Structure formats: C-alpha cells, structure tokens
Amino acid sequence: MRGLLRKDILMMKDGIGIYLIFIILYSLFSFFSGAPDIAATIVILVMIMLPFNTLSYDELYQWDRYVLTLPVSRRQIIRSKYVFALLVSGAALLFYAAMDLLLGGNLREIMRGCLPTIIGGLVTIALAFPCILKWGQKGRLLIVLFCGVAGGIIGVLGIVTKYGGGLEIAVSEGVMVTESVVLLGALLISLLTLLISYKISCKIYEKKQF
C-alpha cells in the first residue's frame, strides 16, 4: 500500500504548485493580519480537493485497469485513498496549529478554530468518495451538496464552540470541558463516518468493471 500512497503523492506533485502559491499568499496575509482562520480555510479546501483529484486522475488515465494487474487487492487500493485523505487532513491540522502558535495562539484556539473545519472536510470526503467511485465524474456534481452539508456542520460546531462556554458554566467549573467533549465527539463521529464510507467504497469497487 505504501507504493499506492507514493503514487498519489507523486501524482499531486506536478499540480500542487498552484495550491502552494495560494497557501503561501494567504498564510502571509494571515500572519500580518493576525487571523489564522484565513489560511486555515484555504488549507482545508486543499485538503478536500487533493483526494478528489487523485480519483479524477485515476479515471482520466485509466489507472484502475493497470493497477488491477499488480499484486494488490481492490480493498488495498481503496484503503490507500482513505489513508491519503487522512494524511492530508493531518498535514492541514499541523499547518493550522503551527500558524496559530506563531500568532500567539494556544491549544484551545487551535481546537476551536481548526477542528470544526477538519471535521467538515472529513465528512465531505466520506460522503463523496463512494459517489465518485460509483458514478465517476457525475458523482462529482454531488460534491457541491456535500460541501453544503460540511458547511452546516462547521457552522453548528462553530456556534457551539463560540457560545458553549456559557452553557457549561451552569454545569461545570471548567470552561473547555463542553467544547472539548463536543469537538472530540464530533471528530470521532466523522472518523466513524469515514470508516463506514470506506466499507461502502470497498463494496462498490469490488463490483466495478473496468
């Protein structure tokens, strides 16, 4: 599976330049404006787009016909896509944390600012991957809908983390307990959704003819 991951990373190397330019520009703007959320938004968009692009390139260059002749199972092929998505998500989280710490932030601000967006991105990937594998380019049209769902999730979590402290004061002495429970619970749910999505994608891919 490491070879499949390496293939996806190398495939993205040629097209990632434009993404890096946007990330650098928005990072500089975020640094001088003291608003890491601006750079985080761009990073999360890249996080969502890169895994989708690997599926698009595979379909465009008919990679599936070739890879199925190699000593790898269909389940391993799908697993590599989800692992790649998790790696990109982890890189996005680390980037945001570094940016926030450079601007004098702390763990609480990182959790409040980054986790809702990461969760929304993971849910978008979980919903979209099976559709793209099932319907190809037609399935990509549903990404707009899924991005709307992710936006709703981010909005709800943002409201909870912004006003949750006041709700918690009535039941607990710690200000971060409710926010932490909500965010970590939502993160676990998003990872569970990703696991279910992986199972569905495996079944779709095992039945797919190339």
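In the predicted model, the second largest pocket is lined by 17 residues, and those lying nearest its centre are Asp-58, Glu-59, Asp-64, Lys-208 and Phe-210. The volume of this pocket is about 210 Å³. Helices α3, α4, α5 and α6 are the elements that each give two or more residues to its lining. The largest share, four residues, comes from α3.

The protein as a whole contains nine helices and zero strands, and its pattern along the sequence reads α-α-α-α-α-α-α-α-α. Of its 210 residues, 42% are buried. Among contacts with a separation of 6 or more, 77% are accounted for by residues 24 or more positions apart.

The largest nonpolar core comprises 43 residues, of which Met-47, Leu-50, Phe-52, Ile-78 and Ile-125 touch the most other members. Two or more residues are given to this core by each of α1 (2-13), α2 (16-33), α3 (36-60), α4 (63-67), α5, α6 (107-135) and α9. The most come from α6, which gives twelve residues. In soluble globular proteins, nonpolar side chains tend to be buried together. Leu-50 illustrates the contacts of one such core member: with its neighbours within four places in sequence left aside, Leu-50 is in contact with Met-12, Ile-16, Tyr-19, Phe-84 and Val-88.

Two further residues were examined in helix α3. Thr-54 is found in this helix and counts as buried because its relative accessibility, 1%, is under 20%. The side chain of Thr-54 reaches the backbone oxygen of Pro-51 at 2.6 Å. When residues up to four places away in sequence are not counted, Thr-54 touches Asp-8, Met-11, Met-12, Lys-81 and Phe-84. Leu-55 also lies in helix α3, and with a relative accessible area of 10% Leu-55 is buried. Beyond its neighbours within four places in sequence, the contacts of Leu-55 are with Lys-81, Phe-129, Ile-132 and Leu-133. Of these residues, Ile-132 is 77 residues from Leu-55 in sequence, yet the two C-alpha atoms are 7.7 Å apart in space. Lys-81 appears in the contact lists of both Thr-54 and Leu-55.

The loop between α3 and α4 contains Gln-62. Although Gln-62 is not a glycine, its phi is positive, at about 55°. Gln-62 counts as partly exposed because its relative accessibility of 46% falls between the limits of 20% for buried and 50% for exposed residues.

Helix α5 spans residues 74-102 and includes Ala-97. Ala-97 is buried, with a relative accessible area of 16%. The C-alpha atoms of Ala-97 and Cys-114 are 8.0 Å apart in space, while the two residues are separated by 17 residues in sequence.

Ser-190 is placed in helix α9, which covers residues 176-207. With a relative accessible area of 1%, Ser-190 is buried. Its side chain reaches the backbone oxygen of Leu-187 at 2.6 Å. With residues up to four places away in sequence not counted, Ser-190 touches Ile-119, Leu-122 and Val-123. For both Ser-190 and Thr-54, the side chain thus reaches a backbone oxygen at 2.6 Å.

The cysteines were considered with respect to disulfide formation. A disulfide is a covalent bond between the sulfur atoms of two cysteines. With a limit of 2.5 Å between sulfur atoms, the count comes to zero disulfides. Cys-131 counts as buried at 12% relative accessibility, and Cys-202 is likewise buried, with a relative accessible area of 1%.

Note on methods. Residues are numbered from 1 along each chain as its sequence is written. This is a predicted model: local features need pLDDT of at least 70, side-chain atom pairs count only at pLDDT 80 or more; totals for chains, interfaces and linings use all residues. Side-chain values use heavy atoms; hydrogens and water are left out. Buried means under 20% relative accessible area, exposed over 50%, partly exposed in between (1.4 Å probe, protein chains only). A polar contact is a pair of N or O atoms within 3.5 Å; within protein, one must be able to donate a hydrogen and the other to accept it, and residues adjacent in sequence count only if both atoms are side-chain atoms. Contact means heavy atoms within 4.5 Å. A nonpolar core is a set of buried Ala, Val, Leu, Ile, Met, Phe, Trp, Tyr and Cys residues joined through side-chain atoms within 4.5 Å. On a 1 Å grid over the protein atoms alone, a cavity is a set of points where a 1.4 Å probe fits but cannot get out, and a pocket is an open set with protein on both sides within 12 Å along at least five of seven lines; lining residues have an atom within 4 Å of a point. Grid points are joined across faces, edges and corners, and a volume is the space filled by probe spheres set on the points.
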